[in-house]
Structure formats: structure tokens, C-alpha cells
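Q: Please examine one part of this structure closely and explain how that part is placed within the chain.

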Amino acid sequence: MQNTKLREEHKMIELYERHVDMVYRICFSYLKNSMDTEDMVQNTFIRLLDRPVEFENEEHEKAWLIVTARNLCRNHLKSWWQKNGNLEEEMHHLSMEEEADQNLLEMVMKLPEKYRVTLYLYYYEGYDSAEIAKLMEKPSSTVRNYLQRGRDRLKVMLGEDIFEKQ
């Protein structure tokens, strides 16, 4: 029995280490401050501990964590005591390898939620529009519109075409 418990604990630690950065970035894209983000990341993994889920594969666990984190963040934002954080002061918590990537992510984080989350999932997490539609519970056409409008807003903000064919 103890051996089984240790194995389960080891699996949870591996799952946490595999996805904590992604969950942090998702939560930060909603909350825009590190203190609330850390709370929601913790709550996401606590939810998993409280309600163990059998995942079909790594994509299933990733999708479950994204949806759970999103829902927890949305609920948190609905609370009356929620206050807005200073985005510029908090961006240092999101580590990017290159300064250009960091600057682009900062611009993405300034977009309205629907564009911010959609662009983040598409470009930073590698989901396609159909997968994002399922995660966000929106029609695929809506997600494609969010992607296009988000890109258009970024082009205006940056004054250049960052989305030329890559």
C-alpha cells in the first residue's frame, strides 16, 4: 500500500513539473499579477489532488489543466475584491529566452482576454484553432476570428508585420 502511494506521489510530482510553467502562464494571462497567479496555479493542482483524474495521454492532462486553470481564474476575476495588478512589474515572472520574445509576450498580455488567451494557446502552447475552440468552448470560426483580430491588434501595437509567413 505504501509503495502504491509513493508511486502516485511520484506521478503527481512529474505531472506538476511537466506543466507548472504552462499553467502559470495561462493563469497570468487572465490575472496579470504574480500573487493571484501563484494562488490559482496552486488551486489548479490542488483540484487535481482532490479529484484524481485518469488521463488518456499527456495531451488530455494538459487540456484538463488548461480548462481547470481557466475556470478557476475566471471565477477569481468575478470576485468583488479582485484588484488589478501592474502588468509591467509582473512580466519578469514569465521567462523567455530572447528579449524579442519577451517584448512580444508583453504585448500579447496587454490584449483583451479573448485575444490574449487565444494567441497564447496558439503560438506559445502550439494548439490549433480546433483544439482551442474545444478548450474555450467556442466555435472554431470564433477562435479563428480571435486569432486574426488579435494579430491585427498586435500589428498596430508593434507597427510591423510580425506574422509574415514563417
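A: The answer below begins with the whole chain and then turns to a single helix, H7.

The model is predicted. Its chain contains eight helices and zero strands, so that, in the DSSP assignment used here, the order of elements from the N terminus is α-α-α-α-α-α-α-α. Of the 166 residues in the chain, 39% count as buried. The accessible surface comes to about 10500 Å², and carbon and sulfur atoms make up 47% of that surface. Among contacts with a separation of 6 or more, 61% join residues 24 or more positions apart.

Helix H7 comprises residues 129-136. Its buried residues are Ser129, Ile132, Ala133, Leu135 and Met136, where buried means under 20% relative accessible area. Viewed down the axis of H7, these buried residues fall within an arc of 165 degrees, and they therefore line one face of the helix. An α-helix has 3.6 residues a turn, so residues three or four places apart point the same way. The cover over the buried residues of H7 includes three other helices: H3 (58-78), H6 (113-124) and H8 (140-158).

The two ends of H7 may be described next. At the start of the helix, a side-chain oxygen of Asp128 comes to within 3.1 Å of the backbone nitrogen of Ala130. At the other end, H7 is followed by Glu137. The phi angle of Glu137 is positive, near 55 degrees.

Note on methods: Residues are numbered from 1 along each chain as its sequence is written. This is a predicted model: local features need pLDDT of at least 70, side-chain atom pairs count only at pLDDT 80 or more; totals for chains, interfaces and linings use all residues. Side-chain values use heavy atoms; hydrogens and water are left out. Buried means under 20% relative accessible area, exposed over 50%, partly exposed in between (1.4 Å probe, protein chains only). Helices (H or I, at least four residues) and strands (E, at least two) are DSSP runs, numbered from the N terminus. The arc is that of the directions from the helix axis to the C-beta atoms. Contact means heavy atoms within 4.5 Å. A polar contact is a pair of N or O atoms within 3.5 Å; within protein, one must be able to donate a hydrogen and the other to accept it, and residues adjacent in sequence count only if both atoms are side-chain atoms. Accessible areas come from the Shrake-Rupley method with a 1.4 Å probe; for residues, only the protein chains shown count as cover.
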